[in-house]
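Below are some short notes on the model, set out as numbered points. They begin with one residue and its surroundings and work outwards from there.

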Amino acid sequence: TDSVQVKEGKANIHLPEGAVFYNPAQVFNRDLSVACLRLVSKYHHANECKRIKKNDPNAACVSFDQLPIGVRQENGLKIAEALSATGLRSIRYAREIPGIDTIYANDIDAGAVESIKQNIELNDVKHLVQASHDDAMNLLYSHRKPDNQFHVVDLDPYGTPGHFLDGAVQCIKKNGVICITATDMASLCGNNPHSCYSKYGSIPLHEPFCHEFALRMILYALHLQAARYDRIIEPLLCMSIDFYVRLFVRISYGAAKAQSQLGDIATVYNCTYCSSFFFQRYGQASLDERGNAKFRYAHGPPVGTHCSHCESNLRVGGPIWLGPLFDPSFVNELITSIEQAPDDSYAYRDRMLSMLYVVKEELPDPLYFDNGKLARVMHTHIPQNKVIKSALLNAGYRVSTSHARQDSIKTNAPHHVIWDIMRAF
Ligand code: SAM
């Protein structure tokens with residue numbers, strides 16, 4: 001039969017024509033995932049070394065940079081790629097990341113699994129990558145026991161990852177990392193509120209900030225799923241990229257801490273005219289001195305029934321996660337590691353770095369404004385972003401862009417300050 005071969009990263013992939021899914025538009029996603037999982041492997045290796053040295057202070061431990069790539073590492077990372085298609089992603093992980101124990105490249109489709117097997121042969125990674133023909137649900141649910149859980153679960157489905165979140169939080173080891181792709185941006189961005197609600201339990205808002213909102217709804221869904229098993233989400237890097245979102249989230253364990261994450265969940269009130277947004281947290285959740293979860297109910301609505309700036313109606317969206325989307329130290333190390341990687345490591349090296357430089361500067365304050373929309377609403381000229389930003393800075397507030405939208409303004413200034421600045425134009 002006709003077939004094509006593609007080379008991506010250190011993998012050569014054989015594609016039976018038309019048979020399985022290969023999406024060249026996801027090269028950036030895979031480059032970024034290789035870069036992130038290298039760091040995850042590095043952290044894991046450091047912890048393993050600590051553990052070994054605790055048992056035997058004289059034990060030798062090779063530094064991460066000296067670990068050979070493509071050699072199986074006993075007690076290294078166990079990874080599940082639950083929806084693998086051609087095996088490309090798993091093979092790239094095997095050939096580009098040191099410290100791997102085993103990778104399951106799984107797919108439900110028999111033709112896909114054939115291609116995974118061929119590609120494992122072609123790339124000489126049989127000792128690292130294992131083809132698996134199963135429903136992702138079965139793969140995840142059959143690895144719930146602590147002795148066979150995964151350090152990394154990668155979910156890269158067509159459309160929504162919603163169905164797989166429960167399995168993923170159950171089969172992830174303590175401090176393991178769940179990687180999630182979602183391409184169902186139409187429903188996440190509010191074209192289809194009921195479909196978004198049924199997948200994520202959250203109502204989307206069709207607004208300029210919808211891409212960040214999408215990340216925060218998925219984090220809400222993951223948080224809720226994790227909390228059921230006394231697990232906590234710790235976002236390492238959550239990004240909106242082109243037509244999809246990609247999240248890397250560490251999962252740690254602890255009942256009280258998991259309960260206290262409720263303090264990071266809120267309903268959002270959104271002005272139907274000027275796009276202003278207001279958050280209603282459900283309450284204040286914290287840990288007391290003994291480490292027990294404490295909850296204080298929130299009182300009253302955060303706003304009236306109408307927008308305090310333009311008097312228009314408010315609509316309700318969410319719930320969403322209001323906590324951070326990034327771990328600054330993870331982002332810094334990621335940048336350093338990509339900067340120091342050999343030139344030919346990533347096809348999208350420059351684009352990754354330029355996005356990560358924006359992420360590094362991004363404020364943790366949820367959501368953002370779009371000056372074009374504000375100007376239309378106020379019938380003013382559209383001031384340049386840098387003009388608004390310097391006005392905000394001069395007024396003593398912090399400002400940044402969001403990586404999710406070029407013309408965005410993120411700030412910790414209250415809305416009325418922004419309105420005052422806009423009125424001055
Ligand atoms: N991760 C791949 C990559 O980076 O090249 C692409 C994966 S593709 C977007 C989605 C794959 O999921 C398809 O090959 C499809 O057969 C598979 N799939 C869909 N539902 C599944 C399920 N319930 N269990 C396992 N695989 C499934």
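1. Ile218 is a good place to begin. Beyond its neighbours within four places in sequence, Ile218 is in contact with Ile180, Ala182, Tyr200, Val245 and Leu247. This is a predicted model, and the contacts should be read as such.

2. Ile218 also belongs to the largest nonpolar core, which has 115 residues. Together with Val153 and Ala168, Ile218 is among those with the most contacts inside this core. The element that gives the most to the core is α8, with twelve residues. Both domains take part: at least three residues come from each of domain 1 (3-265 + 321-342) and domain 2 (370-423).

3. On the domains themselves, the assignment makes domain 1 from two segments, 3-265 and 321-342, and domain 2 from 370-423. Their centres, taken over C-alpha atoms, are 35 Å apart. Five residues from domain 1 and six residues from domain 2 make up the contact. On the domain 1 side, α8 (210-227) and β8 (231-241) each supply at least two of the residues that touch domain 2. That side consists of two nonpolar residues, two polar and one charged.

4. Within domain 2, which covers 370-423, helix α14 (residues 415-423) deserves a separate point. Are its residues Ile418, Ile421 and Met422 buried or exposed? In α14, Ile418, Ile421 and Met422 are buried. These three lie on the same side of α14 because they cover an arc of only 100° around the axis. His416 and Arg423, on the other side of α14, are exposed. The buried residues of α14 are covered by elements including β15 (369-370), α12 (371-378) and α13 (385-394).

5. The last point concerns the ligand. There are 20 residues around the ligand, and those that come nearest are Leu83, Ala85, Ile108, Ala136 and Asp156. Two elements, α2 (88-96) and β4 (100-107), give two or more residues each to this shell. By residue class, the shell around the ligand holds ten nonpolar, four polar and six charged residues.

6. For a look at the model on screen, two places are suggested. One is the side of domain 1 that touches domain 2, where α8 and β8 each supply at least two residues; α8 is also the element that gives the most to the largest nonpolar core. The other is α14, with Ile418, Ile421 and Met422 buried and with His416 and Arg423 exposed on the other side.

Conventions. Residues numbered from 1 in each chain as written. Predicted model: local features only at pLDDT ≥ 70, side-chain atom pairs only at ≥ 80, totals over all residues. Domains from an automatic or database assignment. Contact = placed C-beta atoms within 7 Å. Helix = DSSP H or I, 4+ residues; strand = E, 2+ residues; numbered from the N terminus. Nonpolar A, V, L, I, M, F, W, Y, C, P; charged D, E, K, R; others polar. Near = placed C-beta within 6 Å. Buried ≥ 20, exposed ≤ 12 C-beta atoms within 10 Å, placed from the backbone. Arc of directions from axis to C-beta. Core = buried A, V, L, I, M, F, W, Y, C linked by C-beta atoms within 7 Å.
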